[in-house]
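Got your viewer open? Let's take a walk through this one, stop by stop, with something to select at each.

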Amino acid sequence: MAEHLASIFGTEKDRVNCPFYFKIGACRHGDRCSRLHTKPSVSPTILLSNMYQRPDSITPGVDVHGQPIDPRKIQEHFEDFYEDLFEELNKYGEIESLNVCDNLADHMVGNVYVQFREEEQAANAVKNLTGRFYAGRPIIVDFSPVTDFREATCRQYEENVCNRGGYCNFMHLKKICRELRRQLFGRYRRRHSRSRSRSRSPYRHRSYEERSRRSHSRKYDERDHYYESRSRRNRSTSPEHRRGRSRSPVARRDRSPVRDSSEERRARIEQWNREKEQTELANQDQYYNQQ
């Protein structure tokens, strides 16, 4: 029974706990929901409720004075907010992800989800942000059960085919430009790469005697293999067989040279001298082609 309850926890089959609150950290029914909203006592993710205020929050694309707003100005305003918030939260620990909702429903509008690398860092952020203000408004911060944003985000919104618009029950996350992301999150990659370069490799922990002994034995193994392979080639190849091999440039280039014994060299020299005495000068070219 316990295994069954654990397997369905936070899913649609769970009749006790709210699946939307478990996945998204917010529910459109709020306190009127028929299922429980169990807030975690500790989590690597914190929720800053309704923190981001769009310049066109009243009417999309129009400011408070009824004038149209350039979309580039809206994006610039958002990236300024994102960078400002990131630099402040970075004081409490390493940030894994910082997501800002672009939804318009009351329970999700302006929500900011910050996932830290460690739970202690998230707890430190909650402690220091509680009771503070941002842009003249109080910061509402609490732990969030969301740990996997792939399950919380709207996939249709990422493909630009969501027909629910800003009132979708899944997260519509605003995006920042690639340069700003590299500037903010790139510091962690550089820090990790430096820490990895400082760490000593396992090979460095070996003693000098062990390394020299392995290198010495490897040299002798290679030398023994060389002499064994050379003697095997000498035994398997006769002088007649060597004289009958192809003398093409490709064959000579691909074939490794084989050193003959002294007796074989003397016999071959005597044979050449006898053939040279018996052969006329006009037949020398033909003789060399037959070799």
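Helices here are DSSP runs of H or I with at least four residues, and strands are E runs of at least two, numbered from the N terminus. Keep in mind that what you are looking at is a predicted model.

**Stop 1: helix α7**

Select residues 178–198, and you have helix α7, the home of R190. Now show the side chains of R178, R182, R189 and R190: together they make up a positive surface patch. R190 is partly exposed, since its relative accessible area is 46%.

Stay on this helix and pick R187. Which residue does R187 form a salt bridge with? Its partner is E87, and the closest N and O atoms are 2.9 Å apart. E87 belongs to helix α3 while R187 belongs to α7, so this pair ties together parts that are 100 residues apart in sequence. E87 itself is partly exposed, with a relative accessible area of 31%.

**Stop 2: the core**

Next, hide the surface and select I46, L48 and L98. These are the residues with the most contacts inside the largest nonpolar core, which has 29 residues. To see who supplies that core, colour β1 (45–48), α3 (71–89), β2 (95–100), β3 (112–116), α4 (119–129), β6 (141–143) and α7: each gives two or more residues to it. Which element gives the most? That is α3, with six residues.

**Stop 3: more salt bridges**

The count of salt bridges in this model comes to 11, so there is plenty to click on. Try E88 and K91, whose side chains meet in a salt bridge at 3.0 Å, N to O. Are these two buried or exposed? E88 counts as buried because its relative accessibility is 19%, and buried means under 20%. K91 counts as exposed, at 61%.

Then move to R117 and E96. They form a salt bridge too, with the closest N and O atoms 3.2 Å apart. R117 sits in the loop between β3 and α4, and E96 sits in strand β2, so the pair ties together parts that are 21 residues apart in sequence. Both ends count as partly exposed: R117 has 43% relative accessibility and E96 has 39%.

Before leaving the charges, select R54, D56, D102 and K174 in one go. You'll find them linked in a network of salt bridges.

**Stop 4: two backbone oddities**

Switch to a backbone view for the last stop. As a rule, most residues other than glycine have a negative phi. Where does N50 lie? Look in the loop between β1 and α3. Phi of N50 is near 50°, a positive value in a residue that isn't glycine. N50 counts as partly exposed, with a relative accessible area of 23%.

Finish at A135, in the loop between β4 (133–134) and β5 (137–138). A135 isn't a glycine either, yet it has a positive phi of about 55°. How exposed is A135, and what is its relative accessible area? A135 counts as exposed, because its relative accessible area is 71% and the cut-off for exposed is over 50%.

Conventions:
Residues numbered from 1 in each chain as written. Predicted model: local features only at pLDDT ≥ 70, side-chain atom pairs only at ≥ 80, totals over all residues. Heavy atoms only, no water. Patch = residues over 30% accessible without salt bridge, like charges linked within 9 Å, V, L, I, M, F, W, Y side chains within 5 Å. Areas by Shrake-Rupley, 256 points an atom, 1.4 Å probe, with all protein chains shown as cover. Salt bridge = Lys/Arg side-chain N within 4 Å of Asp/Glu carboxyl O. Lys, Arg positive; Asp, Glu negative; His and termini not counted. Charge placed at Lys NZ, Arg CZ, Asp CG, Glu CD. Buried < 20%, exposed > 50% of the residue type's maximum accessible area, 1.4 Å probe, protein only. Core = buried A, V, L, I, M, F, W, Y, C linked by side-chain atoms within 4.5 Å.
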